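Visitor: I am new to this structure and would love a close look at one part of it. Could you walk me through it slowly, with the surroundings as well?

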Amino acid sequence: MRDLKNSVAVITGAAGGIGHALAQRLAGEGVHLALVDIDEPGLLKVERDLAGAGVLVSTHVVDVGDAGRMEELASEVLRRHGRVNIVINNAGVALFGDVEEVSIADLEWLMKINFWGTVHGVKHFLPLLRQQERAIIVNISSVFGIIAPPGQAAYAASKFAVRGFTEALRHELAGTTVQVSTVHPGGIMTGIARRGRIGAAADPSILEKESERFERLARTTPARAADRIVRGMLRGETRILVGPDARLLDLIQRLVPQRYWRIIGPMVDWKSRRP
């Protein structure tokens with residue numbers, strides 16, 4: 001798909017961060033938008049920001065982890081826009097804590113949004129995408145879908161799951177009209193860390209420490225991330241690395257898959273989070 005003009009794109013997690021930036025970037029390409037998030041005030045702000053863009057924008061307050069609500073969403077978007085050409089499963093949350101510190105409930109909450117939200121987006125929109133001459137699915141994983149730092153077992157598990165699900169889906173849809181891409185952003189300057197949760201048995205100070213670490217390491221703006229993702233979509237890239245840090249970490253993991261953390265840990269000053 002070389003020209004996105006007049007396509008209809010569904011973007012989850014659209015109220016902020018990469019989702020908001022993608023909405024702005026795609027509107028600039030002449031793409032009509034169905035913006036999805038659980039944050040209604042945030043969605044309305046994005047809608048106001050896009051006023052005058054010359055595209056149809058609809059907003060949908062949805063918990064992507066709710067399978068029934070996601071099924072309703074597909075029908076809503078079809079009624080409002082008449083078709084769907086692009087689905088970007090971007091919604092995600094963060095959870096901090098070692099395996100011993102996070103509860104089963106913590107893990108279920110995270111997986112419901114990060115992984116099952118992606119599954120719901122694919123399952124309920126794929127039949128609509130199949131009806132189009134050309135269509136695109138973009139699932140946002142993470143650099144933590146390539147490497148797995150200590151204290152990030154839950155988040156990494158969800159993003160490795162998104163990666164595996166998307167790669168298998170891509171192989172299944174090879175030769176069809178539906179293009180599938182996995183995105184691995186590095187550190188993007190968003191509020192995901194500060195909006196994250198800590199494990200049930202974790203020290204409350206972890207959230208502030210991890211947020212400060214994330215903000216220190218994040219170097220790519222949401223606008224630059226969105227531009228990279230859209231360029232990758234237009235080029236038909238199946239694996240889109242976002243940011244120089246993502247490219248470097250991917251290379252190190254490939255070169256020394258069993259020992260990569262001995263190199264990466266000291267590089268990012270990943271010291272013990274315990275008091």
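What follows is a tour that starts with the whole protein and then settles on Arg228 and its surroundings.

Visitor: Which residues does Arg228 touch, and where does Arg228 lie?

Guide: Happy to show you around. Please keep in mind that this is a predicted model, and let us begin with the overall picture. The protein has 10 helices and nine strands. Its radius of gyration is 18 Å, close to the 19 Å that the globule rule gives for 275 residues, so the protein is as compact as a globular protein of that length. If you follow the C-alpha trace along its principal axes, it spans about 55 × 40 × 30 Å. Of the 275 residues, 54% count as buried. The chain also comes back to itself from afar: among contacts with a separation of 6 or more, 70% are between residues 24 or more positions apart.

Now to your residue. Arg228 sits in helix α8, which runs over residues 222-235. Is Arg228 buried or exposed? Its relative accessibility is 16%, and because the cut-off for buried is under 20%, Arg228 counts as buried. Leaving out residues up to four places away in sequence, Arg228 touches Arg235, Glu237, Ile240, Leu241 and Val242.

One of these neighbours, Glu237, deserves a second glance. The side chains of Arg228 and Glu237 make a polar contact at 2.8 Å. Glu237 also meets the side chain of Arg235 in a salt bridge, 3.4 Å from N to O. So Glu237 has a side-chain partner in Arg228 and another in Arg235, and with a relative accessibility of 18% Glu237 counts as buried too. Arg235, for its part, is also on the list of residues that Arg228 touches.

Two other neighbours of Arg228, Ile240 and Val242, lead us to the nonpolar interior. Both belong to a core of 34 residues, whose members also include Leu26 and Leu33. In soluble globular proteins, nonpolar side chains tend to be buried together. Apart from this core lies the largest one, with 48 residues. Inside the largest core, the residues with the most contacts are Val10, Val84, Phe125, Ile137 and Val178. Helix α5 (residues 116-129) gives the most to this core, with five residues. Phe125 shows what such a place looks like: not counting residues up to four places away in sequence, Phe125 touches Val10, Leu73, Ala74, Val77, Val84 and Val87.

Back to charged residues. Within the span of α8 you will also find Asp227 and Arg231, which are linked with Arg25 and Glu29 in a network of salt bridges. The whole structure holds 14 salt bridges, and a couple of others make a nice contrast. Glu167 forms one with Arg163, with the closest N and O atoms 3.3 Å apart. Both lie in helix α6 (residues 153-172), four residues apart, about one turn of the helix. Glu167 is partly exposed at 22% relative accessibility, and Arg163 is partly exposed with a relative accessible area of 22%.

The salt bridge between Glu208 and Arg194, at 3.0 Å from N to O, joins separate elements. Glu208 lies in helix α7 (residues 206-217) and Arg194 in the loop between β7 (178-185) and β8 (197-198), so the pair ties together parts that are 14 residues apart in sequence. Glu208 is partly exposed, with a relative accessible area of 38%, and Arg194 is partly exposed as well, at 40%.

Let us finish further along the chain, at helix α10 (residues 260-267). Its buried residues are Tyr260, Ile264 and Gly265. They cover an arc of only 110° around the axis, which puts them on the same side of α10. On the other side, Arg262 and Pro266 are exposed. What covers the buried residues of α10 includes α9 (244-255). Just after α10, Asp269 takes a positive phi of about 55°.

Notes:
Residues numbered from 1 in each chain as written. Predicted model: local features only at pLDDT ≥ 70, side-chain atom pairs only at ≥ 80, totals over all residues. Heavy atoms only, no water. Buried < 20%, exposed > 50% of the residue type's maximum accessible area, 1.4 Å probe, protein only. Helix = DSSP H or I, 4+ residues; strand = E, 2+ residues; numbered from the N terminus. Arc of directions from axis to C-beta. Contact = heavy atoms within 4.5 Å. Core = buried A, V, L, I, M, F, W, Y, C linked by side-chain atoms within 4.5 Å. Polar contact = N/O pair within 3.5 Å; in protein donor to acceptor, adjacent residues only side chain to side chain. Salt bridge = Lys/Arg side-chain N within 4 Å of Asp/Glu carboxyl O. Rg over C-alpha atoms; globule rule 2.2 N^0.38 Å.
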